[in-house]
Structure formats: structure tokens, C-alpha cells
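Trainee: Could you take me through one part of this model up close? I'd like to see how the strands pair up there, and then whatever else you think is worth a look.

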Amino acid sequence: MATVTVNGKEVEIGASERLNCIQAASKVGVEIPAYCWHPALSVVASCRMCLVEVGDKKPDGTVAMQPKLVPGCQTPAKDGTVIISDSQKVKDARKATLEYLLLNHPLDCPTCDQAGECYLQDYSFNYGRGYSRLNEPKNIKPDKTYIGDQITLFTDRCIMCTRCVRFTREVSGSAELQVVSRGSHEEIDIFPGHPVNNPLAGNVVDLCPVGALCSKDFLYQQRVWWLKSQSSVCPGCSTGCSITVDQNEERVYRLHPRTNEKAQGHFMCDEGRFGWKYTHSDQRLTSPEARTNGHVTSSDFDSVLASVRTALKKAAQGKGKVAAVLSPWMTVEEAYLLAGFLKSLSGEVTLAMGPVRIEGKDDQFPKDVKGNVVEPVKFTIRAEKAPNRSGVEAVLSHFAGDVMPFEELLRLSSTGKFSAVYLVGGDPEGWISEIQAEAFSKIETVIVQDILSSPVLKHATHVLPSGTFVEREGVFVNHKGLAQMIRRSVRGPDGTRPDGRLLWELAERSGLIQTDTLRSEIAAAIPALAVIGNAELKVNGVLLDEAAVAV
Amino acid sequence: MTETKAKPKKTVAWVEEPQLGFWESTFVPAIMKGLKTTLKHVTDRAPVTQQYPEQKPDLPLHYRGVHRLNRDEKDRVKCVACMMCATACPANCISIEAQAAPPEWPDRDKFPKSFVLDELRCIYCGMCEEACPVDAIELTHIYDLTGETRDALMFDREKLLSVYDKTKDNPRDPVRTRRGILGPAAEFASLPTLGPATVVPDSDRSARNPTAGVIKGSLGANS
């Protein structure tokens, strides 16, 4: 064990931990400000914001301090390291550094999108001198409105931390960004004709500690202090990136990655980042329907649900006449509610796994110029475009013993085995083709619970409009069996209900849905999912036993 | 238990009733004094009532009435859609949608695509005016605001600009500053750098410079 002293407080560092002074200081709650340093990127020590006094405690107890200030990001903390970050010398250095960083900064905070979550603002407030002594004109560089389809660069706000440059070189591997010119003429730029359009490009906006790189999608949409955030999980693929959903007045404005070493690390892909737009689409199903011979006979939730219940109960009297398709877009709770409800109607119910969309191959980063993956892999966009296959499979194998694939259910359906099927959709890209939908054309009762229209809707006798991932609460289990919570950020449009609530009411459970109690029930009932009752689930998620979950 | 009576603290000061003299006890002088006041009002012919609406009141210069959105020297809306007013507004009556400025406007990044101010919800506190970094929104002396529907009093950008056109020449509603561009960087050619808003010790270089706005003194913690 190594002991590091930070501002007089001692902290123990694990033998295998390789920390720099910033990380060691954060262990005792001391913030060392830094712009250019990022835990996922290489160290350049160029911003000079993290300058601290560093010394060495000798075995005889004397402390030898280094005469000069050293950058905390570049100095490893080892046994006996003494870090001082609150001396006048350090404070003066920070003040001077900030004054220099702000020399050419336009100070256009009122119109800057970063204002409110800007490190320049925060550090100026905490460590800066509060005013500029510059009497000469500022060096203002023209903005570059196109450096990528999703990114715009306000060149004048840049402080040259080069986080974005290092990201494109080290994580995406595409190396589109670079620093051109020298001294106060330094600028971030792209090679002509090679914009930043890699699948991870959006991350440079999050990495930018100031308002220089902005997302075109979010630009001027909202002031950040109006946004209310909720921790959630990206449903785009089975990587299951931890994210934060920012909404205001029942409208989602952006998603951004939430650092979670257990899940994906620090970043997320653009596909997930901008893949939430269907939530506010005008194509959403917004009217519950019960149909008889193609005519809508009722369009109010209570009567439609009652009708669904009657139809299912009637079909359940026959032997093995009820089937259900559980979508990999359902949460564990929803899958448990539906499977449990149908199982309680008839022990002979057929439960199948919905179609899991696979697109191409897993896309790994960083890549070299030829597109070959460079080890170590730092980010993976998975081909399996569904958030919760593992979780739903765990529920299915608990209730049905094995996991029936969708094709098998289609085959059985077209033979006329069933008189009622309950289909759950949820995939915004569509989950069933015209030909596949024909399998359900002869079935007496077809209940469709979905967010968007699909070919199977024309055979449906009951339509239940449900919620997207920002409107629901529950657990998603990602590719490696990490169970994480999605949380409700916004209310769905009128005429929709979150899946959990729909199924809770369908199962005629009393009161309102409480996912907490439901989770403890699942944890007790399904050994493979026993850990989802743990409190850690709500922070960074819990790993299920790898072996217990069918992979 | 023994009951001990605590001595009450002397908090009440007793004032003895003044002794009345002979005339005072007859009440005649007091009655005469009262009648004098009454008679003064009976015989006073100068009116105090203002004949509104024929005669308009002279409101104080700081009166806060209907808002206006100022125009800049090129007749564009001065507002830069920073939404500071909407943030400061305690009544939540301002809603702005921003749009990126066209490339021929190099002096700003964005402008309001829509600017709607609910004059019915507004409490006329003037916080929006305080918050505005470019002095684009100002409160005028217009107080007689009427409308036939609630929607008519949801003032949009054009309506607020028309209030500016109507009031800009009124000497009681002057355009208060010439500040119109955002940030010192935008005006570096014409304006001196603004000095610190904090007190600067004499040893500081900026205290010796002829910069506008420097507050000299040794109180400042900034050394």
C-alpha cells in the first residue's frame, strides 16, 4: 500500500492503482482543476491548469519539495508523494494560467451553449482573478461552421486543450482533427475534405471543456440550466452505454454518456446519441384500440384492457392456445409481468423471444487508416441492436424452460395452433415484415403492444400504444450481463402508457406500478436475476452471474 | 417544589396622562382647529382629481409598463436570443426560440426566431431589462394595455418591435444605452477594455492603466 499526502491529509492508494496527482487528490475530495487531462485520453500536460507543488516524504520523515510547480496530471502519485494544491504559490499559478487562457476568449457566455456547464466559467469563478488586464485587441478567429455533419467549431472560444484531437487519434482512430499554426494563431481544424464524421464524432462535443465544439443537433435549442437530467441506459445496441437524458418541459433535448467503467467507459456512439428522435415522432401510436372485423369498437384504455383480458382468458381455456412474443426492447420487469400474467392464465402458454435485430458486425474502435481494428479495443458498437436480449431471455427461460426463437413461433402461428397471440414490439426500426405478419392473419385475437406502426397492425384486434425508453422505468441487461436501470424522463404523448403500467393493469395487480417492489419480487423468483434487487443497480449497475444468463 | 416568584422584568414604560388646563378641558380650541381644516377644504376650489382619460397622468421616469424589443442601427432586432430574460423572469412569461444568425451577420451567433411575451402573466418587475446583456428588452411607459382575447396579449417579436417603433421617439422612453453588441471582443476597435468590477490594489498593473471603470483601493483580495 502506498500513502500519499494531499494538503496534509493522508490517503492510501492500492498497490495496483496507477494514479496521477489529480486522481489521488480526488480520493480525499480535493479538486485539482484541469482542462487537457481526461482519464480516457493520453496525458499532454499542456493547459497548465493542474500545476501543484509536489514533494517526497523521505524514510526519515523529512519532506523534500520540488522547487518548481509540476503538472498534477503528469506526475504519478507513489508512496510518500506529498501534494500541495492550496498554497499561495499554486493559487497564483492558477490565476495566471486562467488569465492567459482567457486573453483571447471572446467572453460571449450569454450566447454560448456551454454556459452553465463550462469549465472556463467554473474555474474562473473558483480560481480565477475575475478580470482581464489586457488592453490590446483580442485575437479573434473566424468560426468554422462545418467540421462535421453534427459538429460546429467556435474557433475563438477554444483554449487549445487538444482533447478532441487526442480523442480522434486515440479512441476513434480516425484522426480527422489537428492543430494548425502556432502560438496565439493555433487553431483546431480538419484536413480539407475530411470532416469529423466517424461513428463516435459526437463525443468531441462532450470532451470539449469550453464551448468551442458544439453539437449542431442541440445548438441554441435550450440553455443547459433549464434541462433536467435523469440517468438511464442507451437502448441502441447491446453495449448498453450508461447515459444521461436531458429533458425540459416533457421534451428530450439530448443524450450524453455517463461515465461508467462497468458499462462502456466514458463515451457513446452517435447512433445512440441521436437515436432518440422517434420518441417525439408524430408517427407514434397514440390511440388504444379494440377492433371487431376491422372496425374500431373502443378506444379508451380501460375498456381495451378489459377486452384484452377477456379475450386472453377465453383463449386460455383451450389447450396451448395462447402465445406471446416478448420483445428484447422490454425491460426485465415488463417481461416478468407479461410472462407471469399469461402463465397464470394457462400453464400451457407459448412464450417466444421477439426478433433481435442484427446489423452487420460489431464495430470496434480505434481503427487505423485502413479500417483495421487496433488493439486494445476502446469502444464497441455492437451489431445486436436491442438493449435487453439477455434480460428477457432470463425471464423466458424461467417461465418457459427454454427460449423459443421468433421464427419458430411464426411457423406455429401459421399452422393455426393459437387462437390468441400477444405481440410486443418496441423496436423503432421495425421488427416484423409484411410476409412475417401474414402468419398472424388467421388468428382470432392479435394483441399488439408497440410504439410505432408495423405491418402486423392490420391484423391486430387490440392495439396498446406503449412507451419508449425515456418514458419507462426498469432494468436492461447488456451483452455481458450488466443489469442497469433506465429511468423515466418524460411523459409519453396522450393516448400512450408506459409498458410497465399497461401490463400491471392488465394483470389486475392492485395500486400503481412500483418497479422497486417488482424487482425484489423478481430477484426472489428468478435466481439468475437475483442481484437486481441490490442497491448498486441504481448507480452503476450490477453484473449478473455470467454462467446463469443464457448468452 | 418551592415556587419562587421571579421578579418581572421592567419592559413597559408608564407615561402619565398629561394634565389638562382650563381651555383644554373645555375642548373649544380643538373644535375650532378642526372646523378650520374643514372650512379650508370646503372653500378650496382647486381640483386634485385627474381627468383621465382626457388628461393623461405624468408617470415617473422609472415607471415599468409594456415591453419593447429594441432595434439596432441596421433595424434588425437587437436581441441575441441568449434567454437571460427568460431565465431571470420570475413569472415565466417569456419564451424564446433561437435560430443561428445568417452568415451576413458576423456580429452575432444567434437571434430570436420567435419571441413571445405573455403580457398578462408578466408582473412588470423589470428583471428582464436588468438581465439583458445587450439592452434589447426595455419597459416603456405604456400602461393602458387592453386586448379582446388572451391571445392578443401574447406579444410576439413583431408586436414588441412595433412597440419600439411607437415609443423610441418619446423623450420619456429613450433608448437607454448604445450597448448593442455582445461582449468586449465584439467592440474591441471602438471601446476601451473594461476595467475590473472589483477593487484593485494600487500595486496592480491595471490600477496604473487609464482603463475605464477601475476602482482603486487596497481592499481587494485580488493581488
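Mentor: Start at Asp246(A), whose bridge partner in S13(A) is Arg254(A). Keep in mind that this is a predicted model. That pair belongs to strands S12 (residues 242-248) and S13 of chain A, which run antiparallel and are joined by six bridges. Zoom out a bit and you get an open sheet of three strands in chain A, ordered S11-S12-S13, with antiparallel pairing. Its edge strands are S11 (228-233) and S13 (251-257) of chain A, each pairing on one side only. From one strand to the next, the twist averages 30°.

Now for another antiparallel pair: strand S8 (residues 177-180) of chain A and S9(A), held by four bridges. These two make a hairpin with six residues between them, and Ser181(A) in the turn has a positive phi of about 65°. Opposite Ile188(A) of S9(A) you'll find Val179(A). Side chains alternate along S9 (residues 187-190) of chain A: Ile188(A) and Ile190(A) are buried on one face, while Glu187(A) and Asp189(A) point to the other and are not buried.

For a helix to set beside that, try H13 (residues 515-525) of chain A, where Thr515(A), Leu518(A), Arg519(A) and Ile522(A) are buried. They sit on the same side of H13(A) because they cover an arc of only 100° around the axis. Their cover includes helix H8 (332-345), strand S23 (474-477) and helix H12 (499-506) of chain A. On the face of H13(A) turned away from the buried side, you have exposed Asp516(A), Thr517(A) and Ala524(A).

Terms used
Residues are numbered from 1 along each chain as its sequence is written. Chains are lettered from A and ligands numbered from 1 in the order in which they are written. This is a predicted model: local features need pLDDT of at least 70, side-chain atom pairs count only at pLDDT 80 or more; totals for chains, interfaces and linings use all residues. Two strands pair if DSSP finds at least two bridges between them. Axes are lines fitted to C-alpha atoms, for helices over the stretch in contact, and angles run from 0 to 180 degrees between N-to-C directions. A residue is buried if 20 or more other C-beta atoms lie within 10 Å of its own, exposed if 12 or fewer, and partly exposed in between; C-beta atoms are placed from the backbone. The arc is that of the directions from the helix axis to the C-beta atoms. Two residues are in contact if their C-beta atoms, placed from the backbone, lie within 7 Å.
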